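Me: I would like to go through the terms used for this model and ask what each one rests on.

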Amino acid sequence: MPKPDKADTRGLPMMPIRDVVIFPHMMTPFVVGRQSSVRALDEALAQDKKLFLATQHDATLDEPKPEEIYQVGTIVTIVQSVKLPDGNIRVLVEGLERAKIVEISDEDGFFRATVRVPAARGEGVTPQSEELMQKVTGLFEQYVKLSQALNYETMLNTVRVDEPGRLADTVAANLSLPVEDKQELLELFSPLDRLARLAELLDAEIEKLNVDRTIQGRVKRQMERAQKEYYLNEKIKAIQKELGRGEKSEIDELKKKIEAAGMPKAVAEKAMQELKRLELMPPMSAESTVSRNYIDWMLAVPWKTKSKEIRDIKRAETILNEDHYGLAKIKERILEFLAVRQLVKNPKGSILCFVGPPGVGKTSLGMSIARATGRKFVRLSLGGVRDEAEIRGHRRTYIGALPGQILQMMRKAGTVNPVFLLDEVDKMSMDFRGDPSAALLEVLDPEQNETFMDHYLDVEYDLSQVMFITTANVLHTIPQPLQDRMEVIRLPGYTEQEKMEIAKRFLVPKQRKATGVAEDHLRFSDAGIGAVINGYTREAGVRNLEREIGNICRKVARRVVEAHDGKETVAVEVGAENVGEYLGILKFRDTQHEERNEIGLATGLAWTEVGGQILATEATLMDGKGKLTLTGKLGDVMQESAQAAMSYIRSRAHLLGLPKDFYRNLDIHVHVPEGAIPKDGPSAGITIATALASALTRIPARRDFAMTGEITLRGKVLPIGGVKEKLMAAHRMKILRIILPKDNEKDLPDLPENIRSLLEIHLVENMDQVLELALEQPLASLAPPVEPPVAHRDESEPLHQ
């Protein structure tokens with residue numbers, strides 16, 4: 001085996017070059033201007049025309065130091081040298097081989113470098129190098145095709161070489177790469193390493209060129225489209241000009257619309273100012289689109305168009321009675337509003353808030369008010385709204401800005417005095433974008449809404465003639481300042497008799513029409529509707545009742561169609577005895593009559609967002625150490641009520657016939673069934689106390705009594721809220737004996753007379769009266785508590801802090 005050649009060391013004049021890397025086998029021209037570089041060039045020309053070129057790190061330096069020059073460069077031979085008129089010298093050099101600097105010395109005003117030329121390695125063609133050469137050649141062909149700066153035929157002829165090293169240097173010299181990447185290739189002495197690295201760089205460059213070509217094609221298409229649109233627009237303008245319909249006529253038309261819109265003076269001035277700006281703008285500019293949209297919105301919202309109101313009270317009363325059964329207070333308030341409209345020329349708009357459980361007709365009542373007054377009706381749902389801009393709109397500086405929903409709905413109404421329903425006002429929320437309920441304060445304030453300011457229009461808009469109606473299920477989630485601006489009218493829910501009438505008058509005809517069933521095919525008896533109400537629905541409203549009636553209608557519709565094919569006649573009358581054939585097993589059972597008086601079980605009354613309901617409360621005793629356990633997903637207030645009830649029982653132990661320390665050896669567990677449903681509030685206090693007293697005295701609590709009231713440690717019974725809903729729930733469950741705090745007597749007139757006459761209501765002031773009524777056997781030992789003796793302090797004794 002022959003020994004490898006040793007590295008060759010030489011001393012040559014050196015010239016630092018800027019922004020270029022010279023590769024072996026390549027002819028490269030450049031201009032020499034620095035004095036040190038001229039002297040090095042003269043020295044090389046005086047000898048054998050050999051020169052060492054190395055790239056400097058920073059191209060801005062005129063006199064680089066040895067450490068500021070790359071350590072690997074190229075030995076070149078000077079092919080041509082021409083002095084230019086400006087004193088510089090144009091040089092053409094041919095790269096011979098790469099070399100590495102061993103030492104640099106500064107003599108006679110130029111650098112002289114001692115360089116080492118490594119021995120040739122791997123220059124022969126091997127299967128690996130041949131594969132790499134084919135890959136690089138293929139990639140370079142793609143690169144040349146994509147690059148517009150290189151001639152395809154010339155480049156392909158250039159790279160037709162058989163040596164791996166020469167191929168790599170030739171391709172690298174013709175690539176548009178940063179100096180750093182080219183220097184990296186120059187410093188790789190192994191041809192295989194150079195080819196591999198070159199393949200990576202070619203892949204990256206081809207990808208960049210593909211992206212550039214895609215972008216360039218897209219830009220070209222857009223420019224062609226824009227030029228086409230511009231040409232067509234100019235042509236349209238020329239045609240319109242010939243026809244006398246130029247752009248000027250469009251501006252004149254907008255001006256006439258602004259003058260005829262009935263805008264207030266300040267608003268009209270702003271619209272005209274915007275129109276002048278639009279006239280001066282190029283029609284194709286983005287700003288002209290923004291201005292045109294603004295003017296269109298100014299013209300779209302109503303400024304003076306009004307609905308002619310119906311002020312006939314008798315007609316309005318007839319319409320309200322046609323659409324809704326019951327709701328006497330609300331109908332009375334609407335008729336009062338109409339009466340005021342007849343006496344006062346320009347009264348302030350009213351803001352009503354209908355509060356009640358789902359399905360009681362809050363939204364449909366708003367539609368009826370619009371029909372009764374002859375106004376347009378618009379509805380905006382506020383459920384889940386959390387952005388202030390939904391109410392006030394976005395400023396025009398934002399892309400895609402629009403007015404708020406208030407003005408959008410006013411545009412939809414087309415009049416300045418519609419009935420505007422704000423649905424689900426209790427379900428708004430807030431986040432970092434603002435609080436929409438705060439924005440509504442201005443909208444719903446009769447003293448402020450005549451100067452409502454939308455961010456988009458940025459002019460005052462008069463909402464004072466709008467009749468605003470809001471709806472909510474609960475009041476406690478509505479901020480107090482917003483509540484203060486509204487007149488709250490409660491819709492507590494319907495009685496069984498009212499549901500019966502609503503079903504006969506509205507729901508049954510509506511569902512017959514929806515399913516195409518004729519009255520001859522399907523009739524409902526009162527008993528049948530009552531069976532649906534009691535056995536298949538338990539709600540304050542009538543939504544589920546309507547669904548169940550619709551369910552029956554669909555089943556009868558199927559029978560009618562099947563019978564028609566068989567030439568039979570179908571005539572169904574739904575009564576209490578055959579409801580189950582259409583609706584299946586009962587969803588709700590009236591278990592009151594099946595129950596018996598039980599120890600530790602008392603019936604309470606609760607208020608929920610969907611109306612009132614009864615709440616069974618259980619108490620049981622176990623051997624233990626005085627622990628009180630509360631279950632049933634009770635809230636903090638309800639747990640505190642249970643603690644207060646327990647403290648009351650302990651304070652009355654001697655009067656209840658209990659040992660003084662009865663609680664030391666007992667664990668007491670209080671549970672409110674339906675444990676998955678959260679429960680809270682103070683009104684279960686007397687119910688829990690009754691259940692505890694029944695469990696401890698072993699006297700059953702009466703099943704035919706329901707109760708509600710807050711308890712104090714002294715046994716006082718305090719008033720509670722939601723009386724009407726709770727009593728209606730008791731009536732619905734056929735519990736007709738009620739225990740109620742004395743102070744709630746004022747709430748009884750709100751209860752319909754037909755229900756109040758059926759209930760036996762006991763008004764109590766203290767817990768002793770509750771136990772006397774609620775327990776099966778009265779406690780003869782119950783008596784006012786004996787006051788403990790008070791120790792009198794001698795006035796002469798000092799007070800100790």
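Reply: What follows takes the terms one by one and sets values against definitions. This is a predicted model, in which local features need pLDDT of at least 70, side-chain atom pairs count only at pLDDT 80 or more, and totals for chains, interfaces and linings use all residues. Residues are numbered from 1 along each chain as its sequence is written, and side-chain values use heavy atoms, with hydrogens and water left out.

Me: Why is Leu195 called buried?

Reply: Buried means under 20% relative accessible area, exposed over 50%, and partly exposed in between, with a 1.4 Å probe and protein chains only. Leu195 counts as buried because its relative accessibility is 0%. Leu195 belongs to helix 6; helices (H or I, at least four residues) and strands (E, at least two) are DSSP runs, numbered from the N terminus. Its C-alpha atom is separated by 9.0 Å from that of Asp169, 26 residues apart along the chain.

Me: Why does Leu656 count as buried or exposed?

Reply: Leu656 has 8% relative accessibility and therefore counts as buried. Leu656 sits in the loop between helix 21 (636-651) and strand 19 (666-671). From Leu656 to Ala693 the C-alpha distance is 8.0 Å, with their positions 37 residues apart in sequence.

Me: What makes the contact of Glu184 and Arg197 a salt bridge?

Reply: A salt bridge is a side-chain nitrogen of Lys or Arg within 4 Å of a carboxyl oxygen of Asp or Glu. For Glu184 and Arg197 the N to O distance is 3.1 Å, so the pair meets the definition. The pair links distant parts of the chain, Glu184 in helix 5 (residues 179-186) and Arg197 in helix 6, 13 residues apart. Glu184 is partly exposed because its relative accessible area is 33%, and Arg197 is partly exposed at 22%. The structure holds 37 salt bridges.

Me: How do you know that Glu274 and Arg396 form one?

Reply: Their side chains meet at 3.3 Å, N to O, so the cut-off for a salt bridge is satisfied. Glu274 lies in helix 8 (residues 265-280) and Arg396 in the loop between helix 13 (389-392) and helix 14 (405-413), so the pair ties together parts that are 122 residues apart in sequence. Glu274 counts as buried because its relative accessibility is 5%, whereas Arg396, at 27%, is partly exposed.

Me: What makes Asp526 and Lys504 a salt bridge, and which residues join them in a network?

Reply: The closest N and O atoms of Asp526 and Lys504 are 3.4 Å apart, so the pair qualifies. Asp526 is in helix 18 (residues 526-536) and Lys504 in helix 17 (residues 496-515), 22 residues apart. Both are partly exposed, Asp526 at 42% relative accessibility and Lys504 with a relative accessible area of 35%. Glu501, Lys504, Arg505 and Asp526 are joined into one network by salt bridges that share partners.

Me: What makes a nonpolar surface patch of Val211, Ile215, Val219 and Met223?

Reply: Patches are made of residues with over 30% relative accessible area and no salt bridge; like charges are joined within 9 Å, and nonpolar side chains (Val, Leu, Ile, Met, Phe, Trp, Tyr) within 5 Å. Ile215 is in helix 6 (residues 191-243) and counts as partly exposed because its relative accessibility is 43%. That value is over the patch cut-off. The patch covers about 340 Å², with accessible areas from the Shrake-Rupley method with a 1.4 Å probe, only the protein chains shown counting as cover for residues. An α-helix has 3.6 residues a turn, so residues three or four places apart point the same way.

Me: How is the length of helix 9 set against the expected span?

Reply: The expected span is 1.5 Å times one less than the number of residues. Helix 9 (residues 286-300) has 15 residues and reaches 21 Å from its first C-alpha to its last, close to the 21 Å expected. Its buried residues are Ser288, Ser291, Tyr294, Ile295, Trp297 and Met298.

Me: What is notable about phi in Lys49?

Reply: Lys49 is not a glycine, yet its phi is positive, about 65°. Lys49 lies in the loop between helix 1 (35-46) and strand 3 (50-55). Lys633 also is a residue other than glycine with a positive phi, near 60°, and is placed in the loop between strand 18 (628-631) and helix 21.
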